[in-house]
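Q: Could you take me through one part of this protein slowly, as if I were new to reading structures? I would like to look closely at a single sheet and what packs on it.

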Amino acid sequence: MSENRERILKLQEKMQELNIDMYLVPTADFHQSEYVGDYFKARKWLSGFSGSAGTLLVTDDQAYLWTDGRYFIQAAKELEDTGVTLMKMREPGVPTVDEFLEMNLAKGSCLACDGRVISVSQGKAYKKMMEDKEGRFYCQEDLLDGIWNDRPELSKEPAYLVDIKYVGISREEKIEMVRRAMKKYEADVHILSSLDDIAWLLNIRGNDIIYNPVVLSYVIVKADEVTFYVQDGVVSDEIKNELEKAGVVLRPYFAIYEEVKTLAKDSKILLDEGVVNYTLFENLPEEVTTVNAMNPTKPAKAMKNAVEMENERIAHIKDARAMCRFIYWLKKTVPEGTVDEYNAAEKSREFREEDKDCLDLSFETICAYGSNAAMCHYAPSKEDCAKVESKGFFLIDSGGQYWQGTTDITRTIAVGPLSEEEKKHFTLVLKGNIRLAMAKFPYGVGGAHLDILARGALWDAGLDFNHGTGHGVGYLLNVHEGPQNINWNSGIRPGGMIPLEEGVLISDEPGLYLEGKYGIRCENLLMCKKAEKNDYAQFMNFEVVTLVPFEREAIIPELLGETELKWLNEYHKHVYEVVEPLLENKEEKEWLKEATAEIK
């Protein structure tokens with residue numbers, strides 16, 4: 001019996017003791033973060049599935065794991081011998097988690113979860129479901145307490161401040177912006193629990209989630225004070241003094257759960273029910289009025305100011321130097337037979353960390369050779385990685401956290417001869433990347449409207465990819481940031497209907513994945529900017545801030561339109577002009593010259 005199966009059996013025993021029929025284990029912390037610290041990786045500990053997204057449901061005699069198309073191949077492999085059934089989200093005939101619960105929870109049954117790791121909106125829906133079934137929704141405890149004996153400690157890494165020369169706006173100005181937004185809702189209290197919003201608001205960063213420079217914390221904003229709930233030892237006296245100058249008072253991290261119970265009964269509280277956790281909401285006095293709305297920090301954070309926009313350009317130039325050096329190293333070294341996916345990932349880190357302003361990576365590096373790249377979020381380990389041979393494609397998706405901003409880039413690299421099919425598919429993916437980068441559109445257009453530009457060439461060939469085309473990117477923050485995104489399916493990703501504002505940094509990353517063969521992805525980051533304004537509209541367009549060449553050896557020029565080929569040649573010329581002076585030796589410079597040479 002596998003270790004994961006034994007763990008699930010222990011959980012089922014505890015469920016039986018408490019008369020619980022089904023127990024939900026989402027991938028979440030107390031703040032609905034996309035990525036979570038080790039303390040919160042209960043789903044991984046129970047099931048063995050290590051992907052960043054998924055929900056585990058344990059019944060009295062079964063277990064089910066829902067995840068999306070990025071992880072189907074990986075999940076199938078990791079769930080072997082665990083007894084956990086893979087539920088492929090959005091595949092025909094596969095119910096959603098909620099549909100499964102509705103169909104399988106009997107009248108009078110009990111559904112349970114830790115109320116701190118689900119949002120208010122989820123908690124309300126589950127409570128109503130169980131009331132309709134004359135059953136019970138139990139969310140008062142984490143059932144893994146007492147089972148997970150070697151559970152990691154809650155992270156409490158030291159916090160640090162970000163200078164205004166990097167972020168452009170003081171915390172005092174940001175707090176006043178939030179208070180103005182509160183007045184529009186006639187709210188006198190705002191509960192903020194999303195970690196990237198808190199970091200942005202207070203111009204503070206930390207290391208409580210790997211690659212995401214955030215601090216485990218909560219904030220309550222009132223008209224006359226801001227309370228920052230954070231673990232002891234995280235904030236130094238120096239930082240505490242700086243925060244106090246802005247009217248920010250520190251309180252213990254878990255104290256918020258009791259202190260919200262004491263809020264005035266006539267309070268009107270602004271909160272985002274999709275982010276604030278259900279237990280915190282349930283602790284509010286029954287008499288208070290709540291306003292459910294997007295945190296005002298979220299759209300403000302997404303629209304980078306002029307200082308941040310200029311710094312992001314600098315960050316991407318630094319990143320371009322590192323990535324160009326990496327690609328040259330890879331192409332030179334693969335024929336020696338010493339390169340595997342893991343040491344390639346480590347080498348890419350080395351090149352980034354040569355820059356003194358690079359603080360960390362922005363996510364776990366995806367280095368995938370051949371068929372492994374068909375798992376679009378595959379990441380190698382030292383113990384489990386493929387050797388890179390002198391043929392086919394090598395895909396690297398990586399990024400850095402710099403004082404000047406956050407980067408994210410994917411390049412698919414030819415490490416040897418390519419088939420005509422590989423070249424055709426690469427060119428179709430690149431075509432989509434270029435079409436989106438060239439987009440010009442009236443203000444008010446959202447990412448959902450633009451997605452066909454990235455997918456159209458693939459759709460024409462009867463092909464597609466099973467992930468979003470574009471996600472927002474934070475400034476020295478989370479590499480995935482809302483509210484905007486580029487995804488035609490606005491029912492799944494509602495941010496696709498939100499207008500693309502000036503200053504939004506968003507990815508452009510079409511791909512194609514053939515199981516057992518190869519994966520292709522071409523990703524640049526785009527900065528949304530204002531173009532001309534006329535009688536028709538305020539027009540918008542994109543500035544490409546990523547400056548790394550695409551794989552010329554994989555391009556079939558005849559498949560690119562005239563304007564697309566012109567755009568690519570101009571892009572490559574710009575890459576060469578900016579990056580060449582930064583490279584260290586003659587060989588790297590010569591490689592870049594060839595890699596950016598005009599294609600006719």
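A: Here is a walk through one sheet, from its strand order to the helix beside it.

A quick word on the source: this is a predicted model, in which local features need pLDDT of at least 70, side-chain atom pairs count only at pLDDT 80 or more, and totals for chains, interfaces and linings use all residues. Residues are numbered from 1 along each chain as its sequence is written, and side-chain values use heavy atoms, with hydrogens and water left out.

Let's start with the layout. The sheet is open and has 6 strands in the order 12-11-10-8-13-14, with mixed pairing. Strands here are DSSP runs of E with at least two residues, helices are runs of H or I with at least four, and both are numbered from the N terminus. Two strands pair if DSSP finds at least two bridges between them. In general, strands of a sheet pair through backbone hydrogen bonds, either parallel or antiparallel.

At the edges sit strand 12 (248–252) and strand 14 (289–292), each pairing on one side only. From one strand to the next, the twist averages 20°.

Now zoom in on one edge. Strand 11 (residues 226–230) runs parallel to strand 12, and 5 bridges join the two. Across this pairing, Phe228 stands opposite Leu250 in strand 12.

Finally, helix 8 (residues 195–202) packs on the sheet. This helix touches strand 8 (189–192), strand 10 (217–222), strand 11 and strand 12, where contact means heavy atoms within 4.5 Å. The direction of helix 8 makes about 60° with that of strand 10; axes are lines fitted to C-alpha atoms, for helices over the stretch in contact, and angles run from 0 to 180 degrees between N-to-C directions.
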